[in-house]
Amino acid sequence: MPELPEVETIVRQLRPRLTGRTVQRAEVRWKRTVSRPSAQQFCAGLAGRRIEALRRRGKFFVFDLDDGRALVGHLRMTGRLFVGRAPDEAFARVVFDLDGGERLVFSDVRKFGRLALVERAEQATGAIGPEPLELDGGWLHAALRARRRRLKPLLLDQTFLAGLGNIYVDESLHRARLHPLRASDRVTRPQAEALAGSIRDTLARAIAAEGSSFDVFYRTPEGQPGAFQDEFAVYGRGGKACRSCGATIRRLVVGQRGTHVCPKCQPAPRHAR
DNA sequence: CAAGACTCCTGACGGC
DNA sequence: TGCCGTCAGGAGTCTT
């Protein structure tokens, strides 16, 4: 599942290849992939537009266009972006013909991914929380205490913090030695500092590794897998030994999400919400 | 306000 | 071998 590090990697790789390019034509092959406006208006609005800049906001990628509007997209589970040929043409949902004869393909097996053409990027991203790469421990402490939520679902909530998904929440909580069921309003200041640090550090290391690829769904636009899955401490490691203490990693379900914890490093809270 | 259920999708996987 | 049920999961919506 592409999360912040994967989207960041994709944007970094696409930036030199797409900046300054013009979209000559857009073709929508699966209408629901375009969330707004209509597929027809989406194509008409993009024709002839030059891509001025590429950036990321949370898990969204944003292409700023020369008319002031923005093409905003979310990969959700299985969305992928390719310049040139898509490995499997059957999953190409939206195809952009660029100047110079190249093309950009939005491919998506499960069809959850979305693209939008909007006046301002915020219209597509909604009011999401701050970026976590420079997360401040003091801010996080205050924000956690202002809510009464379990830590994991709160960290997954994009309106609270933008960019974390199932993998990096589990990894960050383990590194901070906090249990996912811990009540957010019972996190101490030092624990919040540790959590902020582990989130920043986990994301930075994942970006350095160009993201995580443990199934066929995430590849960089260059077609390469990421390498961060080799550094997972808990995610997908249920039944295996914790690398820091040797205890057996457990898999539980929190908020309908597969969740991985080390019972020794992350003791269950007395006051779980 | 918090949390659970349900929905959208399809490939992968376990069971027989 | 092959069919079938179940599951995973980001985020929005609805219900409790």
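**Domains, DNA contacts and cysteines in a predicted model**

The C-alpha centres of domain 1 and domain 2 lie 29 Å apart. The model is predicted. In the domain assignment of chain A, domain 1 spans residues 4-125 and domain 2 spans residues 137-272. The two domains touch: 20 residues of domain 1 are in contact with 19 residues of domain 2.

Helix H1 covers residues 4-18 and includes Pro16. Pro16 is exposed, with a relative accessibility of 67%. Pro16 and Ala53 are 37 residues apart along the chain, and their C-alpha atoms are separated by 9.6 Å.

Helix H4 runs through residues 137-145. Its buried residues are Gly137, Gly138, Leu140, His141, Ala143 and Leu144. These buried residues pack against two helices, H5 (151-156) and H7 (189-208). The N-terminal end of H4 is capped by Asp136. Here a side-chain oxygen of Asp136 lies 3.1 Å from the backbone nitrogen of Gly138.

DNA strand B was examined next. The residues around strand B are Arg32, Phe91, Val109, Arg110, Lys111, Phe112, Arg147, Arg148, Arg149, Arg150, Gln256 and Arg273. Of the strand B atoms that come within 4 Å of the protein, 74% belong to sugar and phosphate. By class, the surface near strand B divides into eight charged, three nonpolar and one polar residue. Individual polar contacts reach both backbone and bases of the strand. At the phosphate, a polar backbone atom of Arg148 lies 3.1 Å from an oxygen of DNA strand B. At the bases, an N or O atom in the side chain of Arg110 is 3.1 Å from a base oxygen of strand B. The side chain of Gln256 places an N or O atom 3.3 Å from a base nitrogen of strand B.

DNA strand C has 13 residues around it. Those that come nearest are His74, Met77, Tyr235, Arg251 and Arg257. Sugar or phosphate supplies 65% of the strand C atoms within 4 Å of the protein, and bases supply the rest. The surface near strand C has five charged, four polar and four nonpolar residues. Two side chains meet phosphate oxygens of this strand. For His74, the distance from a side-chain N or O atom to a phosphate oxygen of strand C is 2.6 Å. For Tyr235, the corresponding distance to a phosphate oxygen of strand C is 2.9 Å. Arg257 instead approaches a base: a polar side-chain atom of Arg257 lies 2.9 Å from a base nitrogen of strand C.

The cysteines were also examined. The structure holds zero disulfides. A disulfide is a covalent bond between the sulfur atoms of two cysteines. Cys242 is unbonded because its sulfur is 3.7 Å from the closest cysteine sulfur, that of Cys265, which is too far for a bond. The cut-off for a disulfide is 2.5 Å between sulfur atoms. Cys245 is likewise in no disulfide. The nearest cysteine sulfur to Cys245 belongs to Cys262, 3.5 Å away. Cys242 is buried, with a relative accessible area of 4%. Cys245 is partly exposed, with a relative accessible area of 28%.

Key
Residues are numbered from 1 along each chain as its sequence is written. Chains are lettered from A and ligands numbered from 1 in the order in which they are written. This is a predicted model: local features need pLDDT of at least 70, side-chain atom pairs count only at pLDDT 80 or more; totals for chains, interfaces and linings use all residues. Side-chain values use heavy atoms; hydrogens and water are left out. A residue is near a molecule or strand if one of its heavy atoms lies within 4 Å of it. A polar contact is a pair of N or O atoms within 3.5 Å; within protein, one must be able to donate a hydrogen and the other to accept it, and residues adjacent in sequence count only if both atoms are side-chain atoms. Ala, Val, Leu, Ile, Met, Phe, Trp, Tyr, Cys and Pro count as nonpolar, Asp, Glu, Lys and Arg as charged, and the others, Gly among them, as polar. Buried means under 20% relative accessible area, exposed over 50%, partly exposed in between (1.4 Å probe, protein chains only). Helices (H or I, at least four residues) and strands (E, at least two) are DSSP runs, numbered from the N terminus. Contact means heavy atoms within 4.5 Å. Domain bounds come from an automatic or database domain assignment.
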